[in-house]
Amino acid sequence: GINVIKGWLNGDAKLAKNYFNILIPRLAAVAPGAEGSAWHYPQTKMLKDKKERWKGFIEIRKEGNVQYRLLVQMENDCVFIVACGIHKGQNYTTDVPPETARLRIVQMKNNPAKHRREHEYS
């Protein structure tokens, strides 16, 4: 399949691509809560909505006039990047609903050879 995150970073999030390419290895290098970890606000934040549809998801954030988000879920030392979004003004849009994001996690766990990708920096 296609790498939807790479497509987003090369398209709508092109202005945020370098930021994420620097931040993602920093996040991968040190576990949340450990000394020197980048897993804290403002780089990351637990995603919350009133209906708790995104419960358990974390935003990897780039702030600015347009705020770019990668939506992830963690399990042990695995980080599953499953969706992306843009927050501009009062509007927050993601590329998928939470149900699709959860399905992507299940697919990555059950068939990693087909559905998991290393982050691509190009």
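**A five-stranded antiparallel sheet and its helices**

Strand β2 runs antiparallel to strand β3 (residues 66-75), and five bridges join the two. Strands here, like helices, are DSSP runs (E, at least two residues, for strands; H or I, at least four, for helices), numbered from the N terminus, and two strands pair if DSSP finds at least two bridges between them. The model is a predicted one, in which local features need pLDDT of at least 70 and side-chain atom pairs count only at pLDDT 80 or more, while totals for chains, interfaces and linings use all residues. Residues are numbered from 1 along each chain as its sequence is written, and side-chain values use heavy atoms, with hydrogens and water left out.

In β3, valine 72 is the bridge partner of isoleucine 58. Three residues separate β2 from β3 in a hairpin, and glycine 64 in the turn has a positive phi of about 150°. On its other pairing, β2 is joined to strand β1 (residues 44-46) by three antiparallel bridges. Here lysine 45 has glutamate 59 in β2 as its bridge partner, and methionine 46 stands opposite isoleucine 58. Four of the five residues of β2 (residues 58-62) are buried, that is, under 20% relative accessible area (exposed is over 50%, partly exposed in between; 1.4 Å probe, protein chains only).

The wider picture is an open sheet of five strands, ordered β1-β2-β3-β4-β5 with antiparallel pairing. Its edge strands, β1 and β5 (91-94), each pair on one side only. Helix α2 (residues 17-29) lies across β1, β2, β3 and β4 (78-88), at about 135° to β2, where angles run from 0 to 180 degrees between N-to-C directions and axes are lines fitted to C-alpha atoms, for helices over the stretch in contact (contact means heavy atoms within 4.5 Å).
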